[in-house]
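Grab a pencil and have a look at the two chains below. Then try each exercise yourself before you read its solution.

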Amino acid sequence: MKKHAWLIGLAVALAVTILAPLASSFPDGLERVAEDHAFLDRAQDAPFQIIPDYALPGISHEALSTILAGMVGVVIVFALTYAVAWLLRRRHNVNA
Amino acid sequence: MHIPDGFLSTATSAVAWVGAAGGVGYSINRVKTELTERKVPLIGVTAAFIFAAQMLNFPVAGGTSGHLLGGALAMILLGPFAGSIAITAVLIIQALIFQDGGLLALGANVLNMAVVGVFSAWLVYRGLLRVLGSRKWSTTIAAFAASWASVVLASLAASVELALSGTSPWGVVLPAMGSVHMIIGVGEGLITVGVVSFLRATRPDLLALQATPIRGGVS
């Protein structure tokens, strides 16, 4: 990528989250199958919750809460993946 | 198709963790030689974009929705090894921060979506490109087919885990999961083709980054 071109990519990813409140709230394929075939109630709640249901806690505006949760996620995923790739690259270059 | 905790038996979860670790470990081992300076940020951006796009559930038949898994998209942009790592990162954050997909089930979700999803897309994509040659529309057809196949095969992997766990009988869960994901896979194909076509028009240099690993093949 050209220098800092990744900023444009990150901005696009952040912008995509603005569409998230428009997403369908129907159950997804697996949830639908679990519901139809009576094993949905086997699902257990997570032992801890940080940003459950893609809604940032403490924000009462539903759409805004979803968008901000998405933006937080985009930044964390970018940072984690970038860091892992950077470390793998550095380790390889050091070894080489 | 993020499996929550409670759907899988301990034994099935454990086997899935081993499979996931093997697949991702192999990817980490293989990716090192292809990590150019330009590719590192592209991996981060691709994972971030797929995370965002996964939030956009689209309705399919009968009060059901689907969303992008992104395995084929990541594979086309990054190659299978970096692509598999990118999807794994997305799944880890979804499980740890967003409580989407279980913690014990994370191994199964990584196995299904980051390993089966990405590598099945890769096999279909490579195979079709070889058959179709370098015609104008061959990458579009290959991208669509790879996306569709990756979703269906990932859903079948999930079905096998559910059946092995005794959660749902084989004869019920395989056709039910397979059929709904054959529809969702069409959405996956359309989104992947749309994004790849847009990038080909605007940033063909990005798609060229992975040209060697994909066409060069692994033996």
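What follows is a set of exercises on this predicted model, each with a worked solution.

**Exercise 1. How confident is the predictor?**

Task: Find the mean pLDDT of chain B, and say which stretch calls for care.

Solution:
- Start with the whole chain: chain B has a mean pLDDT of 94, and 95% of its residues reach 70 or more.
- Now look for the weak spot, which is residues 211–219 of chain B, where the pLDDT is below 50. Beyond near neighbours in sequence, that stretch has five contacts in the model.
- How should you treat such a region? Where pLDDT is low, the predicted coordinates should not be read in detail.
- For the complex, the predictor gives an ipTM of 0.96 and a pTM of 0.95.

**Exercise 2. Compact globule or more spread out?**

Task: Use the radius of gyration to describe chain A and chain B.

Solution:
- List the elements of chain B: nine helices and two strands. From the N terminus, their order is α-α-β-β-α-α-α-α-α-α-α.
- Check the size of chain B. A compact globule of 219 residues would have a radius of gyration near 17 Å, and chain B has 17 Å, so the two agree. Along the principal axes, its C-alpha trace spans about 45 × 35 × 35 Å.
- Turn to chain A, which has three helices and zero strands. The radius of gyration of chain A is 18 Å, well over the 12 Å that the globule rule gives for 96 residues, so chain A is more spread out than a compact globule. Its C-alpha atoms fill a box of roughly 55 × 30 × 25 Å.
- Add burial to the picture: 59% of the 219 residues of chain B count as buried, and for the 96 residues of chain A the figure is 28%.
- Finish with contacts at a separation of 6 or more. In chain B, 73% of them are between residues 24 or more positions apart; in chain A, 47% join residues at least 24 apart.

**Exercise 3. Where do the chains meet?**

Task: Work out which element gives the largest share of the side of chain B that touches chain A.

Solution:
- Count the residues first: 53 come from chain B and 46 from chain A.
- Next, go through the elements of chain B that give two or more residues to that side; among them are α1 (10–31), α2, α6 (138–164) and α7 (170–202).
- The largest share, 12 residues, comes from α2(B).
- Sort the residues on chain B's side by type, and you get 37 nonpolar, 13 polar and three charged.
- Now look at α2(B) itself. Helix α2 of chain B covers residues 39–54, 16 residues in total, and reaches 22 Å from its first C-alpha to its last, close to the 22 Å expected. Of its 16 residues, 16 are buried.
- Cross over to chain A. In its helix α2 (residues 29–36), the buried residues include Leu30(A) and Val33(A). The buried residues of α2(A) pack against β2, α6 and α7 of chain B.

**Exercise 4. Is Pro4(B) buried or exposed?**

Task: Place Pro4(B) in its chain, then count its neighbours.

Solution:
- Pro4(B) sits in the segment before α1 of chain B.
- The cut-off for buried is 20 or more other C-beta atoms within 10 Å. Pro4(B) counts as buried because it has 24 C-beta neighbours inside 10 Å.
- Leave out residues up to four places away in sequence, and Pro4(B) touches Ala43(A) and Gln44(A), along with Gly101(B), Gly102(B) and Ala105(B).

**Exercise 5. Two residues with a positive phi**

Task: Compare the surroundings of Ala38(A) and Tyr54(A).

Solution:
- Begin with the general rule: most residues other than glycine have a negative phi.
- Ala38(A) has a phi near 55 degrees, a positive value in a residue other than glycine. Tyr54(A) also isn't a glycine, and its phi is about 50 degrees.
- Locate them: Ala38(A) lies in the loop between α2 and α3 (62–95) of chain A, and Tyr54(A) is found in the loop between α2 and α3 of chain A.
- Count neighbours. Ala38(A) counts as exposed because it has 10 C-beta neighbours inside 10 Å, whereas Tyr54(A) is buried, with 23 other C-beta atoms within 10 Å.

Key:
Residues numbered from 1 in each chain as written. Chains lettered and ligands numbered in written order. Predicted model: local features only at pLDDT ≥ 70, side-chain atom pairs only at ≥ 80, totals over all residues. Helix = DSSP H or I, 4+ residues; strand = E, 2+ residues; numbered from the N terminus. Expected span 1.5 Å × (residues − 1). Buried ≥ 20, exposed ≤ 12 C-beta atoms within 10 Å, placed from the backbone. Contact = placed C-beta atoms within 7 Å. Nonpolar A, V, L, I, M, F, W, Y, C, P; charged D, E, K, R; others polar. Rg over C-alpha atoms; globule rule 2.2 N^0.38 Å. pLDDT = per-residue confidence, 0-100.
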